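Q: I am new to this structure and would like a close look at a single part of it. Please start with one residue and its setting, and then connect that place to the rest of the chain.

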Amino acid sequence: MKSIINRREFLKISALSATTLFVSTALSGCGSEDTTSDYIQVGFDHGVASGDPLNDKVIIWTRATPKEAITDDRVFNINYEVALDQEFSNVVRKGVVSTSKNQDYTVKIDVQDLEPDTTYYYKFSSNAVFSNTGRTKTLALGEVSQVKMVVFSCANYTNGYFNAYKEASKIEDLDVAIHLGDYIYEYGMYNEDDGVTPAYATQNAQAIGRVLPSDNNKECIALEDYRRRYALYHTDEGSKEIHAACPMIVVWDDHETANDAYKDGAANHQEDEGSWDDRVAAALQAYFEWLPIRPIENKKEIYRSFEFGNLVSLHMLETRLNARTKQLSYANYFDANGNFDAASFAADVTSEQQVLLGETQLQWLQNQMQNSSAVWQVLGQQVIMAKINLPAELLVPIGQLEYVQTQEEYNALIEQINSLLGELVTLKIKKLQAETLTQEEEGRLATVLPYNLDAWDGYAYEREVIFATAKAFNKNLVVLSGDTHNGWKNNLVDKDGESVGVEFATPSVSSPGFEDYVGLDTLEKAMNFEGALEVLVDDLEYLNASDRGFMSITFTPNSVTSKWIYMQNTDTPEYSINSNRQKEISVSI
């Protein structure tokens with residue numbers, strides 16, 4: 001049944017959005033163009049977008065860039081139209097909205113009272129200047145035979161062009177795009193300490209024409225910093241094309257604020273950078289201005305669900321700013337003699353106080369899953385949920401890579417890692433083939449630790465609650481993940497060793513992956529590394545450690561299929577598909 005927005009709901013939306021959201025219904029949104037109010041010359045330089053689709057409503061968005069200097073808070077008007085056809089011969093909504101520098105000249109309209117499972121087209125105009133046309137779609141009701149989505153994460157402007165967005169926009173039968181975070185990166189061009197050392201993933205920026213502009217080449221801290229960074233990212237042609245092609249459902253990870261963010265701070269936030277709360281407020285204001293997401297009263301509570309008829313319930317989770325406790329660090333569990341306190345680590349990593357979601361969001365998710373009758377329960381979230389446990393002796397040289405000072409030190413660590421991988425894989429294969437190992441060899445394989453404490457491996461309690469919920473209510477659980485910059489397929493296994501679901505993780509749009517971190521500079525090295533981890537990590541089925549791209553996920557009543565699509569090139573806007581590395585995996589009920 002279509003929901004009808006009542007007066008109380010309308011007033012609540014209007015109050016919390018403070019002129020940044022306009023509600024367009026069949027009754028109020030069909031006025032003619034306003035020719036008397038304040039129009040100025042603008043350009044729609046950042047394209048159009050739509051998002052947060054429901055069965056009867058969708059957000060449409062644009063940014064009207066003034067072409068004349070505005071020094072005050074003057075409000076000016078923008079026209080919009082929504083139609084059932086690309087020619088706009090069957091217009092179902094039209095009206096006038098206003099914007100100003102208070103929302104960075106962005107425009108956001110919640111178009112309501114729409115038909116379910118219907119494609120709409122929309123555009124904006126001012127003074128006879130028109131935006132490009134966007135295409136959007138409402139969610140279906142009732143019985144659904146297929147849902148297709150594309151999934152993205154980690155788009156880094158200085159490290160490459162967003163060709164993954166461009167390629168995904170060509171897929172004709174998309175229902176929605178999902179972005180799992182790191183839509184922008186907060187880093188400047190150089191480390192702030194010296195102004196010379198390149199910041200993360202900026203080494204090739206000049207060579208490929210992706211240098212940050214002079215008015216936005218420092219680390220983002222204040223509101224204007226984040227606004228300018230979003231504006232820059234929206235100039236990428238791939239970004240414009242995916243937003244114009246289909247609605248996008250978004251959630252942030254850490255780089256929309258600062259690297260390795262948690263509730264009370266971030267690894268990339270220092271005391272001399274001001275208040276963490278102020279930085280978060282600035283970052284989230286820009287996020288809600290620049291992305292097609294519905295305003296909410298508490299911006300940190302971004303978690304929400306989307307129903308694709310009887311087939312898919314998509315639950316988008318917030319795992320960074322609302323409740324996350326600080327990440328554990330292995331460095332805190334070694335004594336002065338270098339002995340590791342395994343008991344204390346195990347107690348802390350499984351503690352009920354070590355959380356990503358927090359009690360309120362966790363209970364919300366349990367209720368959503370329990371009450372949903374959809375075939376598939378899908379979690380859209382940021383970090384790897386599966387157990388990625390590696391032999392502990394590997395973690396020492398891998399951890400040291402972050403602190404090397406010279407190329408010689410780096411080369412020595414890479415050689416050590418490769419040597420250890422070879423030894424451990426040989427032992428694991430012998431064990432799988434039921435060959436006898438010595439007690440020392442068994443110990444090398446059995447002594448494992450989580451690879452990444454910033455992921456769910458560092459927050460084991462809530463993971464087990466989610467797994468137990470899926471198992472208790474016999475749900476088909478699929479987890480969509482980002483963050484790592486690499487493509488993964490993992491089996492989700494609870495503490496008792498029972499299978500509870502599957503995880504598909506998307507590669508990055510352009511951020512560097514394992515190939516940069518552990519020196520996988522040839523295809524042979526990449527494939528050897530992937531094969532080694534697939535042997536050593538029990539719950540890992542597939543890994544691509546060296547290619548940029550995206551996932552296409554297709555749900556039917558009987559199966560879910562993930563297809564990893566990789567770009568041959570991100571150094572230029574011209575690219576091709578790396579068909580040799582493409583991968584498709586289906587899981588049936």
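A: Asp 52 is buried, with a relative accessible area of 2%, where buried means under 20% relative accessible area, exposed over 50% and partly exposed in between, with a 1.4 Å probe and protein chains only. This residue sits in the loop between strand S3 (48–51) and strand S4 (58–63); helices (H or I, at least four residues) and strands (E, at least two) are DSSP runs, numbered from the N terminus. The model is a predicted one, in which local features need pLDDT of at least 70 and side-chain atom pairs count only at pLDDT 80 or more, while totals for chains, interfaces and linings use all residues. Residues are numbered from 1 along each chain as its sequence is written, and side-chain values use heavy atoms, with hydrogens and water left out.

The backbone of Asp 52 deserves attention, for its phi is near 45 degrees, a positive value in a residue other than glycine. Most residues other than glycine have a negative phi. Phe 88 is another such case, with a positive phi of about 60 degrees although it is not a glycine. Phe 88 lies in the loop between strand S6 (76–83) and strand S7 (91–99), and it is buried, with a relative accessible area of 10%.

Strand S3, which comes before the loop of Asp 52, also holds Val 48, and at 1% relative accessibility Val 48 counts as buried. Not counting residues up to four places away in sequence, Val 48 touches a set of residues that includes Trp 61, Thr 62, Tyr 122, Phe 124, His 243 and Ala 244, a contact being heavy atoms within 4.5 Å. The C-alpha atoms of Val 48 and Lys 240 are separated by 7.0 Å, although these two residues are 192 residues apart along the chain.

A further link across the sequence involves Lys 166, which belongs to helix H2 (residues 163–168) and counts as buried at 15% relative accessibility. Lys 166 and Ser 239 are 73 residues apart in sequence and 7.1 Å apart in space, C-alpha to C-alpha. Leaving aside its neighbours within four places in sequence, Lys 166 is in contact with Glu 237, Gly 238, Glu 241, Pro 573 and Tyr 575.

Turning to the interior, the largest nonpolar core has 85 residues, and those with the most contacts inside it are Phe 152, Leu 480 and Phe 555; such a core is a set of buried Ala, Val, Leu, Ile, Met, Phe, Trp, Tyr and Cys residues joined through side-chain atoms within 4.5 Å. Helix H6 (residues 276–290) gives the most to this core, with 9 residues. A second, separate core of 63 residues includes Val 383, Met 385, Leu 401 and Phe 514. Among the residues that Phe 152 touches, leaving out those up to four places away in sequence, are Ala 164, Tyr 165, Ile 242, Met 248 and Phe 550.

For the chain as a whole, 58% of the 589 residues count as buried. Among contacts between residues at least 6 apart in sequence, 72% join residues at least 24 apart. The protein chain contains 14 helices and 28 strands, and along its principal axes the C-alpha trace spans about 85 × 55 × 45 Å.
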